[in-house]
Amino acid sequence: MTLLPLPTVPWQITGNHWLALPCIHPADASIHAIGMLHRAARSAIEYAGAADFLSASGPALARPSLEINGVRHELSDVPIAWERALGWIPTFTCTIGDLVLRGTIFAPYGRDADVSGAVYALSIENRSSADVSLDVTLAGTLGHRQLRVRTPRRFDDAEVVGIGASGAVLLEGSSPPGLASVAIIADAEASTEVDGTRYAIRRSLSIGAKSREQLAFYLAVGPERDGAEATATVLRRRGWRDLLSATRDAI
């Protein structure tokens, strides 16, 4: 038996039959890597923000941030309290000024919810007596892709980030045919920017005084970009609330 060293970061983890989210950072709720099973490759395929993703020293694959009335806030600026719903679904709570942010990260599972993807859902409560204008951004970098059975082997083509017909961000390799692609899309109208291997998806909303709004981002994987984008739109069409309810019932 070979004993592996403990990770230097106490990662939050979750996943389903297709997709693993093994590197959710407890300090800022960012996702540094995802892994997916690939039958044809007889291995796992991993996408990450940087090659040294296990140490979290490089950029994240997906990191949330907020811009409140024009002022940018990172989740790393405030303490985050984590819980695990049903022992498997990471949830977190933090407070930024008069806003209470609650997040849920899960991979859908169960009857009518078995989809090769994941959901990053946010609920934002405004406890102030004034309306708040808010931009919620999920941004990241595709800096590394690799195959893994036991030891990792990096892909030798370049990482590519683009925008699909639906507005989804598409992460893939430059050499077709690729083995896997990733699509990330917001639950409603959003602005999307791509700069090299970096991307940002921005949702704008207004939260009334003493009220709450909810939103979500969907991440899907497929054997190629069209399949990944189609799966992301399926997740969006089904809605994160129904997907979470089915997942909780199944667990």
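This is a short tour of a predicted model, going from a surface patch to paired strands and then to cysteines.

**Stop 1: a surface patch.** Select I13, L86, W88, Y109 and I251. Together these residues form a nonpolar patch on the surface, with about 430 Å² of accessible area. Now keep only L86 selected. Where does L86 lie? L86 is in the loop between strand 7 (81-85) and strand 8 (89-96). Its relative accessible area is 48%, so L86 counts as partly exposed; the exposed class begins over 50%.

**Stop 2: strand 19 and its partners.** Select residues 211-222, which make up strand 19, and then add residues 117-126, which are strand 10. The two strands pair in the antiparallel sense, and ten bridges link them. To find one place in this pairing, show I124, which stands opposite E213 in strand 19.

Next, add residues 181-186, which are strand 16. How many bridges join strand 16 to strand 19? There are six, and these strands run antiparallel. Show A186 here: the residue opposite A186 is F217 in strand 19. While the strands are on screen, one general point helps: in a regular strand, side chains alternate between the two faces of the sheet.

**Stop 3: cysteines.** Select C23 and C94. Are they buried or exposed? C23 is buried because its relative accessibility is 2%, and buried means under 20%. C94 also has a relative accessible area of 2%, so C94 is buried. Finally, look for disulfides. With sulfur atoms required to be within 2.5 Å, the count comes to zero. A disulfide is a covalent bond between the sulfur atoms of two cysteines.

Terms used. Residues numbered from 1 in each chain as written. Predicted model: local features only at pLDDT ≥ 70, side-chain atom pairs only at ≥ 80, totals over all residues. Heavy atoms only, no water. Patch = residues over 30% accessible without salt bridge, like charges linked within 9 Å, V, L, I, M, F, W, Y side chains within 5 Å. Areas by Shrake-Rupley, 256 points an atom, 1.4 Å probe, with all protein chains shown as cover. Salt bridge = Lys/Arg side-chain N within 4 Å of Asp/Glu carboxyl O. Helix = DSSP H or I, 4+ residues; strand = E, 2+ residues; numbered from the N terminus. Buried < 20%, exposed > 50% of the residue type's maximum accessible area, 1.4 Å probe, protein only. Pairing = 2+ DSSP bridges.
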